[in-house]
Amino acid sequence: MTDQGHDELQPTGVADIDREHALELRVVREVQAALLEGNREKALLLLARLEDVTNAHFLTEQLLMRLHAYAGYEQHEQEHDVLIRELQALSQQLSSGAPVDARLAVHQLEHWLLSHMATEDHVLGEFIRQSPAHTP
Ligand SMILES: [Fe+2]
Ligand SMILES: [Fe+2]
């Protein structure tokens, strides 16, 4: 269902990030289940929750990036912006009443979160763990 190597939650080794990733993933699973049930109303409510959780999480990461003077801040933040827009597009599609391919939406959500965690967040986690300002 997912890109090879991106179908498992990859820990970054930074406790705050990993705790929030686990929460995001739980909500993603709930959205996916609602989509597959064909329960559009429930999926929309859960997507709104996912957007809240994700916005809060992105702020956590962006704060950590500033705290540790992360050189890749801008690129990482831009990717966060793209991810939020993709999430909003799915919500709009669902709320418009247009037909939605549930399996495709489930697949997109899977890729949406996990590939970012496995790439940008993985690199960020490694950087933070090696930062002198990091307290595990
Ligand atoms: Fe991130
Ligand atoms: Fe993240």
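In the predicted model, helix 1 and helix 4 run roughly antiparallel to each other, because the angle between them is over 145 degrees. Helix 1 spans residues 15-37, and its axis lies 9 Å from that of helix 4, at an angle of about 175 degrees. Sorted by class, the residues in the contact of helix 1 with helix 4 comprise 16 nonpolar, two polar and five charged residues.

A second helix pair is formed by helix 2 and helix 3, whose axes cross at roughly 170 degrees and come within 10 Å. Helix 2 is therefore roughly antiparallel to helix 3. The contact of helix 2 with helix 3 has twelve nonpolar, nine polar and five charged residues. The loop between helix 2 and helix 3 contains Ala 69. This residue, Ala 69, has a phi near 50 degrees, a positive value in a residue other than glycine. Ala 69 counts as exposed, because its relative accessibility of 62% is over 50%.

The model also holds two iron ions, ligand 1 and ligand 2, placed 3.5 Å apart, and Glu 61 coordinates both. For the iron ion (ligand 1), the protein donors are Glu 61 (OE), His 76 (NE2), His 80 (NE2), His 116 (NE2) and Asp 121 (OD), at 2.0 to 2.2 Å from the ion. Along the chain, the donors of the iron ion (ligand 1) follow the spacing E-x14-H-x3-H-x35-H-x4-D. Two of these donor residues, His 76 and His 80, lie in helix 3 (residues 73-95) and are four residues apart, about one turn of the helix. His 76 is buried, with a relative accessibility of 0%, and His 80 is also buried, at 1%.

The iron ion (ligand 2) is coordinated at 2.1 to 2.2 Å by His 21 (NE2), His 57 (NE2), Glu 61 (OE) and Asp 121 (OD). The sequence spacing of the donor residues of the iron ion (ligand 2) is H-x35-H-x3-E-x59-D. The arrangement around the iron ion (ligand 2) is irregular, because its four donor atoms subtend angles of 80 to 172 degrees. A tetrahedral assignment would need all angles to lie between 85 and 135 degrees. Among the donor residues, Glu 61 lies in helix 2 (residues 40-67) and Asp 121 in helix 4 (residues 102-130), so this pair ties together parts that are 60 residues apart in sequence. Glu 61 counts as buried at 0% relative accessibility, and Asp 121 is likewise buried, with a relative accessible area of 1%. Asp 121 is listed among the donors of the iron ion (ligand 1) and among those of the iron ion (ligand 2).

The salt bridges in the model number three. One of them joins the side chains of Glu 110 and Arg 29, with an N to O distance of 2.9 Å. Glu 110 lies in helix 4 and Arg 29 in helix 1, so this pair ties together parts that are 81 residues apart in sequence. Glu 110 is buried at 6% relative accessibility, whereas Arg 29 is partly exposed at 35%.

Another salt bridge connects Arg 19 with Asp 16, and the closest N and O atoms of this pair are 2.6 Å apart. Arg 19 and Asp 16 both belong to helix 1 and are three residues apart, about one turn of the helix. Arg 19 is exposed, with a relative accessible area of 53%, while Asp 16 counts as partly exposed at 36% relative accessibility.

A further salt bridge links Lys 42 with Glu 37, where the closest N and O atoms are 3.8 Å apart. That distance satisfies the criterion, because a salt bridge is assigned within 4 Å. Lys 42 is partly exposed, at 38% relative accessibility, and Glu 37 is exposed, with a relative accessible area of 51%.

Definitions and conventions: Residues are numbered from 1 along each chain as its sequence is written. Chains are lettered from A and ligands numbered from 1 in the order in which they are written. This is a predicted model: local features need pLDDT of at least 70, side-chain atom pairs count only at pLDDT 80 or more; totals for chains, interfaces and linings use all residues. Side-chain values use heavy atoms; hydrogens and water are left out. Donors are N, O and S atoms within 2.8 Å of the metal (3.2 Å for Na, K and Ca); water is not among the atoms, so sites may look incomplete. Four donors count as tetrahedral if all angles lie between 85 and 135 degrees; four count as square planar and six as octahedral if opposite donors are over 155 degrees apart and all others between 65 and 115; anything else is irregular. Helices (H or I, at least four residues) and strands (E, at least two) are DSSP runs, numbered from the N terminus. Buried means under 20% relative accessible area, exposed over 50%, partly exposed in between (1.4 Å probe, protein chains only). Axes are lines fitted to C-alpha atoms, for helices over the stretch in contact, and angles run from 0 to 180 degrees between N-to-C directions. Angles under 35 degrees count as roughly parallel, over 145 as roughly antiparallel, 65 to 115 as roughly perpendicular and the rest as oblique. Ala, Val, Leu, Ile, Met, Phe, Trp, Tyr, Cys and Pro count as nonpolar, Asp, Glu, Lys and Arg as charged, and the others, Gly among them, as polar.
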